[in-house]
Amino acid sequence: MKLQVLSSSLLAVFSACLLAAAQTTSNAQTFSPPARTFRFTYNFTVKDIPSETKRVRVWVPVPQTDQHQTVRVLAVKAPAKTQMTSESEYGNRMMYAEMQNSAEGKAEFTLEYEVTRREYSRGDYAQLERKDKEKDQKPTVVLASMKRLVAPDSLIPVDGKIKALAVDVTGSQTGTVAKAKAAYDYLFTNMRYDKTGSGWGRGDAVWACDAKHGNCTDFHSPFIGMLRADGIPARFDIGFPLPENKDKGDIAGYHCWAEFYATKTGWIPVDISEAWKAKEKENYFFGSVDANRVQFSTGRDITLSPKQDGPPLNYFIYPYVEVDGKPYDKLDKQFSFEEVKRAE
């Protein structure tokens, strides 16, 4: 076999492209591997199903392959026939099953995936702001409706207290990136990651602004609300975190982050709650999210496919079950991962 030799001109072009890519995705510091490949197990049991039940419906979020992750379904174990569907507003994928009650009064489901998750970085604040000020730049084409992503959600209003906060926090800033950074800095400084008491975890933007504490949903909901109040598209992403220094184990619960849209750059990720928990990463998590995660869905107020009988879901990360047309929450859930390899 003859080796193909690149000409000096092609080598120069190739080197320039590599340098440009590095400059686009570089950040002040690199904290984690650029990619992680792992097996993810999503297991749950619908339990204590009443004996008189006539119909059980189950929807399960299914992660998708995109530019930030590659997903392969390894196995699906279910007590009934399943089908893969997707909803039209955000394109979230899901598994749907329908059954009658079993003699045991329970139904167990297991989905196994192999996932490669890649670091998602658009650069640091200085790079992003410089890009934001460039002239004659064509906007990046996006699939989601921009109109929907500046509209309110049930728990993320764009008027009242959130609009007033946006005026106070971002009103003096010029440009999309500068406004987003002002909102990011405000929440990083004024909120704390604290899951005590009640009210946290719903992603209620007004509640979070008043309480000034909560989990990842509570950090990112007012961020999304403030940007949308300024007419800047913003969206909510949710999945599961991977422990940074472990190769396998159980995962206690979900993790979420946000993205905003700048015309001259495209979608830009932020993770304020992770920055708060690791203060040395404050600058990194504006413009980047690491590979220590897997995304399962996006958006709020989600109507499933086929449509559920109950109201739209606040967000979609755990199984949603209806028994005879009513939401049913008697579930045992377990999530775990095992590293396959770490890309260097």
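## A walk through the predicted model

At 49% relative accessibility, D210 counts as partly exposed. This is a predicted model, and D210 makes a handy starting point. You will find D210 in helix 5, which covers residues 205–211. Its partner for a quick distance check is K161: the two residues are 49 apart in sequence, and their C-alpha atoms are 9.7 Å apart in space.

**Strand 5 and its neighbours**

Next, turn to strand 5, residues 93–99. Is this strand mostly covered, or mostly open? Mostly covered: 5 of its 7 residues are buried. Strand 5 pairs with strand 2 (residues 56–62), running antiparallel to it, and 7 bridges join the two. To find your place in that pairing, look for R57, which stands opposite E98 of strand 5.

Strand 4, residues 82–86, also pairs with strand 5 in the antiparallel sense, here over 5 bridges. In this pairing, S86 faces R93 as its opposite residue in strand 5. Strands 4 and 5 together make a hairpin, with 6 residues between them. In the turn sits G91, whose phi is positive, at about 80 degrees.

**Aromatic rings**

How many aromatic pairs does the structure hold? There are 24. One of them is formed by F240 and Y318, with a centre-to-centre distance of 6.5 Å and 50 degrees between the planes, which makes the pair tilted. This pair links distant parts of the chain, since its members are 78 residues apart. F240 belongs to strand 10 (residues 234–241), while Y318 lies in the loop between strand 15 (293–298) and strand 16 (320–323).

The surroundings of the two rings are worth a look as well. F240 counts as buried because its relative accessible area is 0%, under the 20% cut-off. Y318 has a relative accessibility of 25%, so it counts as partly exposed.

Both residues also belong to one aromatic cluster, whose members include F40, Y42, F44, F109 and Y113. Further along the chain, F236, Y254, F296, Y315 and F335 are among the members of that cluster too.

**Lysines over rings**

Finally, here are two places where a lysine lies over the face of an aromatic ring.

| Lysine | Ring | Distance from the ring centre |
|---|---|---|
| K181 | F286 | 5.9 Å |
| K277 | Y193 | 4.5 Å |

If you have the model open, K277 over Y193 and K181 over F286 are good views to finish on.

Note on methods
Residues are numbered from 1 along each chain as its sequence is written. This is a predicted model: local features need pLDDT of at least 70, side-chain atom pairs count only at pLDDT 80 or more; totals for chains, interfaces and linings use all residues. Side-chain values use heavy atoms; hydrogens and water are left out. Buried means under 20% relative accessible area, exposed over 50%, partly exposed in between (1.4 Å probe, protein chains only). Helices (H or I, at least four residues) and strands (E, at least two) are DSSP runs, numbered from the N terminus. Two strands pair if DSSP finds at least two bridges between them. Rings of Phe, Tyr and Trp (its six-membered ring) pair if their centres lie within 6.5 Å; planes under 30 degrees apart count as stacked, over 60 as edge-to-face and the rest as tilted. A charge sits over a ring if NZ of Lys or CZ of Arg is within 6 Å of the ring centre and within 35 degrees of the ring normal.
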